[in-house]
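Hi everyone, thanks for making time for this. I'll walk you through one structure today, so have it open on your screens and follow along.

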There are 4 protein chains.
Amino acid sequence: MKSTDKHRKIIRAATKVFAKKGFFNARISDIAKEAKVADGTIYLYFNNKFDILLCVFEQELGKLIEHVNLLLDKETSAKAKLEIFITNHLEEMKKNRYLAEVIHIELRQTAKIIREYRKNTFNDYLKIIGVIIEQGQNEGTFRRDIQPDVVQQVVFGALDEISICWHTGSSWPYTPEEVSAQLTSLFQTGLLIPAT
Amino acid sequence: MKSTDKHRKIIRAATKVFAKKGFFNARISDIAKEAKVADGTIYLYFNNKFDILLCVFEQELGKLIEHVNLLLDKETSAKAKLEIFITNHLEEMKKNRYLAEVIHIELRQTAKIIREYRKNTFNDYLKIIGVIIEQGQNEGTFRRDIQPDVVQQVVFGALDEISICWHTGSSWPYTPEEVSAQLTSLFQTGLLIPAT
Amino acid sequence: MKSTDKHRKIIRAATKVFAKKGFFNARISDIAKEAKVADGTIYLYFNNKFDILLCVFEQELGKLIEHVNLLLDKETSAKAKLEIFITNHLEEMKKNRYLAEVIHIELRQTAKIIREYRKNTFNDYLKIIGVIIEQGQNEGTFRRDIQPDVVQQVVFGALDEISICWHTGSSWPYTPEEVSAQLTSLFQTGLLIPAT
Amino acid sequence: MKSTDKHRKIIRAATKVFAKKGFFNARISDIAKEAKVADGTIYLYFNNKFDILLCVFEQELGKLIEHVNLLLDKETSAKAKLEIFITNHLEEMKKNRYLAEVIHIELRQTAKIIREYRKNTFNDYLKIIGVIIEQGQNEGTFRRDIQPDVVQQVVFGALDEISICWHTGSSWPYTPEEVSAQLTSLFQTGLLIPAT
DNA sequence: GATGAATGAGCGTTCATTCAT
DNA sequence: GATGAATGAACGCTCATTCAT
């Protein structure tokens, strides 16, 4: 168990350091210091610096997927599921500032490379949205003229761009609940005021 | 004019190189070679490597802002303007693969830093969306319970996440027109099929 | 006896690993793995990495000296002794590829350092040749105008350069017996065909 | 010409540093300091540390080959040529202590690797001896029962082992002329006093 | 005695930046 | 203004050595 413990400690430290300085500006010794281990120790658990970043995503996205799937299983309608997904993502990102930043900034660099390797936990996360949309279309709740794979990009992009706002210097007065309500409503019924 | 010419050449080369390799993996000598100038020449036009990246954004976002504003001026309704904005962004990103990637990936790294410096052309671009939404609310076309500053993040995030899809290995069969129609419709009337 | 056993196991493993990768490229963990002991165990028997190399030479050269001395004691004439020495060295090196390589390559690095420390088993081995030559000169069999300390270098250098040939990729078709016959003859009567 | 100049300077510095500390203990910064250039400058002229060592051999052995070939061309008999080769090698090694040590110690490490790459200037040097022996056999001066490829190893091994003696702490009272006379005579007529 | 996880000093190499030409 | 050779600080990674178990 001890070794798993250290693995976790390093992951957590790396997430924090990557969020603060960015992957390329982060030094291994920064992570080591943050994790309170020696530089060399890191290489007992990871192959190289980039591997640490990948593991951060694997682990954190994995947890995110597991968690949201648990929540989604409790709901049956696609409409409710979409709301759950949005709410959960925003709450998690509000809670975990470092993860939010690492996803927002570093995931993208990595995504390009990962796409080739297809070690694609990120894609699994995106696909959850796609599947919800498909279900809604089959149920007859969601429009069929908007493609699920378009929606999944749109929703994730929207969530990700929002999720960084809490951690900016500028004031962002909304709570996750407020934003998630707005987003859910926006994606459900749109911006337009229906003509009566 | 000659010097402006070289400035432009370097910007263009840098955009390409940054898109291909990412800011941190791009070497000054890569940019110099792509721009067909000597390494040292770059420092006659830019203060340092990061300054080049900033200038890429300043210049490219500046052009984008200028261009979309021209288009928006031709329209009066917020509804039409939002459509224009969406369509234009996707078309531009489809056209300019390098810019799309640089915005998607590098802008985020920079955004964090820029936010502090407030040299904020990016914010100006975002704000255009916000202003459109406000106008729509004042006109009475757009709902007032969804905040303009939320929407601007959402729309940009969505557009940006979509705009990278054309340049991925995986097949993305939709044309900008199709996607922009879907997006526009999604943001206007939402996913739900209205109960009749 | 058990501890002596482990010492021997490590020496043998080290000889193999040093031969394969060279002293500097060999890792302690390579030797440990080859010897089937833990890394730390090695430090119960040796002071440091270099000490292992020294012990390899001490031990292997010691055995070589002991063995050749036994053989030499059976002969009386310097002429026969020189032949024995040559034959024995080549046979041993043919038999023990790893030792041959370690002597050929690593001994030289070490020799320079050892020379200063005078912990000089290597010199003892060389000196055997010198003593044979001196005996031959005293007997009146060997010329007195060629210095024993020159000959000892020459003979060892020749043997060592030959002894690696069996372990090279390139074809080396001669048996130790053939080569030792040629070398013995060469050192005894030279290359020239005597004018009749 | 300037760049060639710096290449030479680095080669010379590297030869000295490698001789003093050995390849693996030599730091790039040692070589840089000795050559009075910056660390990075070295990489403008060489691919990596090992490449420097290879270039030392290529260059120095190349010069050696060129030089000895010039001398050999002046002689016709194989007997004279062998003498020239021996004398020249010893003189050069006496003159250039650093080269002598680098050949003696580092060449062997490298030789193993080089053998696979066959970038084999060292072999060219050895072959010169072999060719002399063949010529002697064809002329009828040298015995045919001793193989040229055996002799070339023997002669080089002998020379190399001798050539280090001048640079050892221990006293080595002989001049290159004396040693080369002894060696030549040894290889020509052997150790034995001919029975009258 | 034996282990092997942890340590941290050390070094090869890169590359943004400078400056003599 | 333009060049590109030269610089040297910076950092990822390795591995001999230690020490708690």
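Let's go straight to DNA strand E, which has 32 residues around it. The closest ones are Gly40(A), Asn48(B), Gly40(C), Gly40(D) and Asn48(D). Keep in mind that what you're looking at is a predicted model.

So which elements supply the surface near DNA strand E? To be listed here, an element has to give at least two residues. Chain A brings helix 1 (2-21) and helix 3 (39-45), and chain C brings helix 1 (2-21) and helix 3 (39-45) as well. From chain B we get helix 2 (28-35) and helix 3 (39-45), and from chain D there's helix 3 (39-45). If you sort that surface by residue class, you get ten nonpolar, eleven polar and eleven charged residues.

Okay, let's zoom in on one protein chain, chain A. How many helices and strands does chain A have? Nine helices and zero strands. Reading along the sequence, the pattern is α-α-α-α-α-α-α-α-α. The C-alpha trace of chain A spans about 65 × 35 × 30 Å along its principal axes. Of the 196 residues in chain A, 39% are buried. And here's one about the fold: take the contacts in chain A with a separation of 6 or more, and 66% of them are between residues 24 or more positions apart.

Chain A splits into domain 1 (1-46) and domain 2 (49-189). Their C-alpha centres lie 26 Å apart. Where the two domains touch, ten residues of domain 1 of chain A are in contact with 14 residues of domain 2 of chain A. On the domain 1 side, helix 1 of chain A gives the largest share, with six residues. That side has seven nonpolar, two polar and one charged residues.

Now for how the chains pair up, starting with chain A and chain B. The contact uses 37 residues from chain A and 39 residues from chain B. On the chain A side, the elements giving two or more residues are helix 6 (97-117), helix 8 (148-163) and helix 9 (176-189) of chain A. Helix 8 of chain A has the largest share there, nine residues. By class, this side of chain A has 18 nonpolar, 14 polar and five charged residues.

How is chain A related to chain B? A rotation of 179° with 0.0 Å of shift along its axis superposes chain A on chain B, and the RMSD is 0.2 Å. That's the relation of a two-fold axis. Both copies use the same surface, too: 100% of the contact residues of chain A recur in chain B.

Over to the other pair, chain C and chain D. Here 39 residues of chain C and 37 residues of chain D make the contact. Looking at chain C, the elements that give two or more residues to the side touching chain D are helix 6 (97-117), helix 8 (148-163) and helix 9 (176-189). Nine residues come from helix 8 of chain C, the largest share of that side. Its classes are 18 nonpolar, 14 polar and seven charged residues. A turn of 179° and a shift of 0.0 Å along the axis lay chain C on chain D with an RMSD of 0.1 Å. And 95% of the interface residues of chain C are also interface residues in chain D, so these copies meet through the same surface.

What about chains from opposite pairs? Chain A and chain C do not touch, and their nearest C-alpha atoms are 14 Å apart. No contact joins chain A and chain D either, and in that case the closest C-alpha atoms lie 22 Å apart.

Last topic: the nonpolar cores. In soluble globular proteins, nonpolar side chains tend to be buried together. In this model, the largest nonpolar core has 103 residues. Among those with the most contacts inside that core are Phe18(C), Val154(C), Ile31(D) and Val154(D). Which residues does Val154(D) touch, leaving aside its neighbours within four places in sequence? They're Ala158(C), Glu161(C), Ile162(C), Leu183(C) and Leu186(C). There's also a second, separate core of 102 residues, which includes Ile129(A), Leu159(A), Ala19(B) and Val68(B).

That's my tour, thanks for listening!

Key
Residues are numbered from 1 along each chain as its sequence is written. Chains are lettered from A and ligands numbered from 1 in the order in which they are written. This is a predicted model: local features need pLDDT of at least 70, side-chain atom pairs count only at pLDDT 80 or more; totals for chains, interfaces and linings use all residues. Two residues are in contact if their C-beta atoms, placed from the backbone, lie within 7 Å. Helices (H or I, at least four residues) and strands (E, at least two) are DSSP runs, numbered from the N terminus. Ala, Val, Leu, Ile, Met, Phe, Trp, Tyr, Cys and Pro count as nonpolar, Asp, Glu, Lys and Arg as charged, and the others, Gly among them, as polar. Copies are superposed by least squares on the C-alpha atoms of residues with pLDDT of at least 70 in both. A nonpolar core is a set of buried Ala, Val, Leu, Ile, Met, Phe, Trp, Tyr and Cys residues joined through C-beta atoms within 7 Å. A residue is buried if 20 or more other C-beta atoms lie within 10 Å of its own, exposed if 12 or fewer, and partly exposed in between; C-beta atoms are placed from the backbone. A residue is near a molecule or strand if its C-beta atom, placed from the backbone, lies within 6 Å of it. Domain bounds come from an automatic or database domain assignment.
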